[in-house]
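Subject: Handing over a structure

Hi there,

Thanks for taking this one on. The structure is just below, and after it come my notes on what turned up in it.

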Amino acid sequence: MDEQVKIWQRVKGETLPVTEGLPALAAGALARAALYSTLARQMQGPTRSILQQLQEDEQRCARCMKGLYRMVTGNRMQPAAVPLSGENTETALRKCYGQTLKALAALESRAYDPEYGPVFAHLAAKKREHCCALSELLGF
């Protein structure tokens with residue numbers, strides 16, 4: 001769907017189809033989960049725990065989106081694999097923060113869906129927590 005059409009739909013109060021963009025959001029969550037898993041294996045103590053929690057949350061998020069997709073379409077979602085980057089830890093976490101903000105905005109825009117809004121609202125709340133956790137990780 002053309003980006004201008006999406007913007008006008010939001011301006012006019014029209015909602016996007018529930019499944020619009022879900023595969024990309026799920027793929028992003030899975031890519032972040034893989035990155036957090038890799039980073040957690042390299043860390044010790046509280047940073048390892050935070051990264052492990054982020055990994056688990058991102059995997060749950062992807063499963064929720066896949067579940068929503070299946071409820072709506074009756075089909076299984078197969079999100080495209082996103083390759084891991086070879087950046088240093090700080091750069092990778094900064095990128096994850098930006099990606100998390102984008103995912104948060106996409107989820108919040110669907111939180112008022114009459115049927116699936118509660119799931120999107122829950123996932124958005126998790127993304128807010130992730131922003132705080134990423135900030136904490138960068139503060140170590």
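A salt bridge here is a side-chain nitrogen of Lys or Arg within 4 Å of a carboxyl oxygen of Asp or Glu. With that in hand, a search of the whole structure turns up nine salt bridges. Please keep in mind that you are looking at a predicted model.

**Salt bridges around Lys126**

A good place to start is Lys126, whose side chain meets that of Asp57 in a salt bridge, with 4.0 Å from N to O. This pair links distant parts of the chain, as Lys126 belongs to helix 5 and Asp57 to helix 3, 69 residues apart. Are the two partners buried or exposed? Lys126 has 25% relative accessibility, so it counts as partly exposed. Asp57, by contrast, has a relative accessible area of 6% and is therefore buried, since the cut-off for buried is under 20%.

Lys126 also forms a salt bridge with Glu129, at 3.4 Å from N to O. Because Lys126 and Glu129 are three residues apart in helix 5, about one helical turn separates them. Glu129 is partly exposed, with a relative accessible area of 44%. Through shared partners, salt bridges join Glu56, Asp57, Arg60, Lys126 and Glu129 into one network.

**Another salt bridge**

Elsewhere, the side chains of Lys95 and Glu87 meet in a salt bridge of 2.4 Å, N to O. Lys95 counts as partly exposed at 45% relative accessibility, and Glu87 is partly exposed too, with a relative accessible area of 29%.

**How helix 5 meets helix 3**

Back to the two helices that Lys126 and Asp57 link. The axes of helix 3 and helix 5 come within 11 Å and cross at roughly 160 degrees. Angles over 145 degrees count as roughly antiparallel, so that is how helix 3 and helix 5 are described. Their crossing is left-handed. On the helix 3 side, the contact includes Ile50, Leu51, Leu54, Asp57 and Met65, while helix 5 contributes residues including Val119, Phe120, Leu123, Lys126 and Leu134. Both partners of the 4.0 Å salt bridge, Lys126 and Asp57, are thus among the residues of this contact. What kinds of residue make up the contact of helix 3 with helix 5? They divide into 13 nonpolar, two polar and five charged.

**How helix 5 meets helix 4**

Helix 5 (residues 117-139) also meets helix 4 (residues 89-108), where the axes come within 9 Å and cross at roughly 160 degrees. Helix 4 and helix 5 are therefore roughly antiparallel to each other, and helix 4 passes helix 5 in a left-handed crossing. Among the helix 4 residues in this contact are Leu93, Tyr97, Leu101 and Leu104, and among those of helix 5 are Phe120, Leu123, Cys131 and Leu138. The residues here divide into 14 nonpolar, three polar and five charged. Phe120 and Leu123 are listed in the contact with helix 4 and in the contact with helix 3 as well.

**One more residue in helix 3**

Finally, have a look at Gln52, found in helix 3 (residues 45-73). Gln52 counts as partly exposed, at 34% relative accessibility. The C-alpha atoms of Gln52 and Ala33 are separated by 8.7 Å, and these two residues lie 19 residues apart along the chain.

Happy exploring, and best wishes!

Notes
Residues numbered from 1 in each chain as written. Predicted model: local features only at pLDDT ≥ 70, side-chain atom pairs only at ≥ 80, totals over all residues. Heavy atoms only, no water. Buried < 20%, exposed > 50% of the residue type's maximum accessible area, 1.4 Å probe, protein only. Axes fitted to C-alpha atoms, helices over the stretch in contact; angles between N-to-C directions. Parallel < 35°, antiparallel > 145°, perpendicular 65-115°, else oblique. Left-handed = near helix turned anticlockwise from the far one by under 90°. Contact = heavy atoms within 4.5 Å. Nonpolar A, V, L, I, M, F, W, Y, C, P; charged D, E, K, R; others polar.
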